[in-house]
Amino acid sequence: MPWITKKSGSATIETRDEPYLTSAMISKLRETYIPRYAQPKGALFPALHMIQHEYGWVPHQAMKEIAEVLEIAPSEVLDTVTFYEEYWEHSKGENLISVCRSIACEFCNATDCTEAIKSKLGIDVGQTTEDGKFTLVELECIGSCGTAPAAIFNEDLHENLTPQRTVELIEQIQNGTYQEGGTGAVKEDL
Ligand code: FES
């Protein structure tokens with residue numbers, strides 16, 4: 001298969017007047033993280049974590065700001081963001097639902113859960129609802145094969161899921177009754 005190249009060199013990025021990397025973040029990078037490494041670029045992960053934790057994703061402008069502080073090329077920051085699927089290059093919904101699609105979960109009907117979520121929210125995998133409330137993605141094994149199918153709702157692991165349970169969790173988030181911490185719900189309705 002031939003390589004397909006993008007004209008990244010001439011691409012324009014969306015910018016805003018206010019920097020994403022605040023002065024407090026820059027101080028934290030310079031005083032706490034950078035001194036831990038032989039070179040400033042060692043602090044790239046902490047810098048990306050800071051931005052993603054604050055904004056939910058890593059805008060291109062923020063990548064340039066990080067590059068400047070760490071004295072590296074913006075392309076190095078972009079390479080890192082696009083290599084690790086944990087980093088978001090685009091904004092995502094207020095709530096992130098990540099369903100495991102690996103083999104144990106697939107055998108235990110994870111696809112039915114995904115279909116239930118898609119139908120409940122009216123979106124496909126990789127999409128965000130129009131109101132910006134939910135984004136649905138699929139992940140490879142999330143380490144809960146023994147209690148498959150499993151999914152992560154924001155920071156919470158939910159195990160032994162059923163389509164009905166996934167819909168209930170979404171409704172709980174929508175009506176504000178969702179209890180953080182994950183449930184490890186039992187397959188009582190199977
Ligand atoms: S295969 Fe889904 S948690 Fe391992």
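## Helix packing and a mixed sheet in a predicted model

Thr-80 is located in helix H4, where helices (H or I, at least four residues) and strands (E, at least two) are DSSP runs numbered from the N terminus. This is a predicted model, in which local features need pLDDT of at least 70 and side-chain atom pairs count only at pLDDT 80 or more, while totals for chains, interfaces and linings use all residues. Residue numbers start from 1 along each chain as its sequence is written.

With 19 other C-beta atoms within 10 Å, Thr-80 is partly exposed; on this scale a residue is buried if 20 or more other C-beta atoms, placed from the backbone, lie within 10 Å of its own, exposed if 12 or fewer, and partly exposed in between. Leaving aside residues up to four places away in sequence, Thr-80 touches Leu-44 and Leu-48, a contact being a pair of residues whose C-beta atoms, placed from the backbone, lie within 7 Å. The C-alpha atoms of Thr-80 and Leu-48 are separated by 9.3 Å, although the two residues are 32 residues apart along the chain.

Helix H4 (residues 74-83) also packs with helix H3 (residues 60-70), their axes coming within 8 Å and crossing at roughly 120°. That angle makes H3 oblique to H4, since angles under 35 degrees count as roughly parallel, over 145 as roughly antiparallel, 65 to 115 as roughly perpendicular and the rest as oblique. Axes are lines fitted to C-alpha atoms, for helices over the stretch in contact, and angles run from 0 to 180 degrees between N-to-C directions. Met-63, Lys-64, Ile-66 and Ala-67 of H3 make the contact with Pro-74, Glu-76, Val-77, Leu-78 and Val-81 of H4.

In the loop between H3 and H4 lies Glu-71, whose phi is near 60°, a positive value in a residue other than glycine. Glu-71 counts as exposed because it has 10 C-beta neighbours inside 10 Å. Most residues other than glycine have a negative phi, and most peptide bonds are trans.

The model also contains an open sheet of four strands in the order S2-S1-S3-S4, with mixed pairing; two strands pair if DSSP finds at least two bridges between them. The edge strands are S2 and S4, each of which pairs on one side only, and the twist averages 20° from one strand to the next. The pairings are set out below.

| Strand pair | Sense | Bridges | Opposed residues |
|---|---|---|---|
| S1 (residues 95-100) and S2 (residues 134-139) | parallel | six bridges | Ser-98 and Val-137 |
| S1 and S3 (residues 151-153) | antiparallel | three bridges | Ile-97 and Phe-153 |
| S3 and S4 | antiparallel | three bridges | Ile-152 and Leu-157 |

Helix H6 (residues 110-121) lies across S1, S2 and S3 and runs at about 155° to S1.

Two backbone features occur in loops that adjoin these strands. In the loop between S2 and S3 is Pro-149, which is joined to Ala-148 by a cis peptide bond with omega of about 0°. Asn-154, placed in the loop between S3 and strand S4 (156-158), has a positive phi of about 55° although it is not a glycine. Asn-154 counts as partly exposed because it has 13 C-beta neighbours inside 10 Å.

Key. Contact = placed C-beta atoms within 7 Å.
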